[in-house]
Amino acid sequence: MTVHPPGPLWTGRASNRAQWVLAGAGAACLALGVQLAVDQAWDSGFVALLMAVIGCLAAGLLILFGTLAFVHAAVTVDADAIEVRCGHIGLPRRRIRLADVAAAEYVPRITPQQWGGWGYRWRPERGTAVIVRRGEGLELRLGDGKLFTVTVDDAENAVRVIRTHLRALAH
């Protein structure tokens, strides 16, 4: 096996600016919930107003944090594994050991419609994916036959690096 220096051998990233629009909608829902709680008279229709406030706050938090988690994805390939981290805090995160990868393929065009939208997706016939935008990406076939797909810029070079490591592991 080839010995490599510590640290990443390849890093890539994919971003989606459209997600910021959805995050803005989430923030607007939060603001509406706060405004309802502060400005409305609580003496008439208490239950209805409470449900509206809670609904706006809950919807706002779900939209805001759900979209911010998938504004971008960062992919790192090192001598041991491929790691995919999403959003600003790196969650959700997926780490796949290179020893568990059977093959890597470059996919020139991936769309959210193929996977049912943006985010961390699972489809029985296609496997698991991290989709943050349309465009190029890479697809990993794991040793157990499952697929993992991620949209990332410069995916062709990532596949080249992964295949080089897979050949080195095979020897």
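In β2, which residue is the bridge partner of A14? The partner is A73. This report covers the sheets, a helix pair and some local features of a predicted model.

Residues are numbered from 1 along each chain as its sequence is written. The model is predicted, so local features need pLDDT of at least 70 and side-chain atom pairs count only at pLDDT 80 or more, while totals for chains, interfaces and linings use all residues; side-chain values use heavy atoms, with hydrogens and water left out.

**Sheets**

Helices (H or I, at least four residues) and strands (E, at least two) are DSSP runs, numbered from the N terminus. Two strands pair if DSSP finds at least two bridges between them.

One open sheet has 4 strands in the order β1-β2-β3-β4. Its pairing is antiparallel. β1 (10-15) and β4 (93-97) stand at the edges. Each has a single partner strand, so one side of each is left without a neighbour in the sheet. Neighbouring strands here are turned by 10° against each other on average, direction ignored.

Another open sheet has 5 strands, ordered β5-β8-β9-β7-β6, with mixed pairing. Its edge strands are β5 (101-110) and β6 (119-123), and each pairs on one side only. The twist averages 20° from one strand to the next.

Two antiparallel pairings, one with β1 and one with β6, are set out below.

| Strand pair | Bridges | Residues of the second strand |
|---|---|---|
| β1 and β2 | 6 bridges | β2, residues 72-77 |
| β6 and β7 | 5 bridges | β7, residues 127-131 |

In the β6 and β7 pairing, R123 stands opposite G127 in β7.

**Helix pair**

Helix α1 (residues 18-39) packs against helix α2 (residues 46-68) at an angle of about 160°, with the axes 7 Å apart. That makes α1 roughly antiparallel to α2 (angles under 35 degrees count as roughly parallel, over 145 as roughly antiparallel, 65 to 115 as roughly perpendicular and the rest as oblique). Axes are lines fitted to C-alpha atoms, for helices over the stretch in contact, and angles run from 0 to 180 degrees between N-to-C directions. The α1 and α2 crossing is left-handed (the near helix is turned anticlockwise from the far one by less than a right angle).

**Local features**

The charged end of R126 sits over the ring of W115, 4.9 Å from its centre. This term requires CZ of Arg or NZ of Lys within 6 Å of the ring centre and within 35 degrees of the ring normal.

L91 and P92 are joined by a cis peptide bond, with omega about 0°. P92 is found in the loop between β3 (81-86) and β4. D154 is a residue other than glycine with a positive phi, near 60°. D154 lies in the loop between β9 (147-151) and α4 (155-170).
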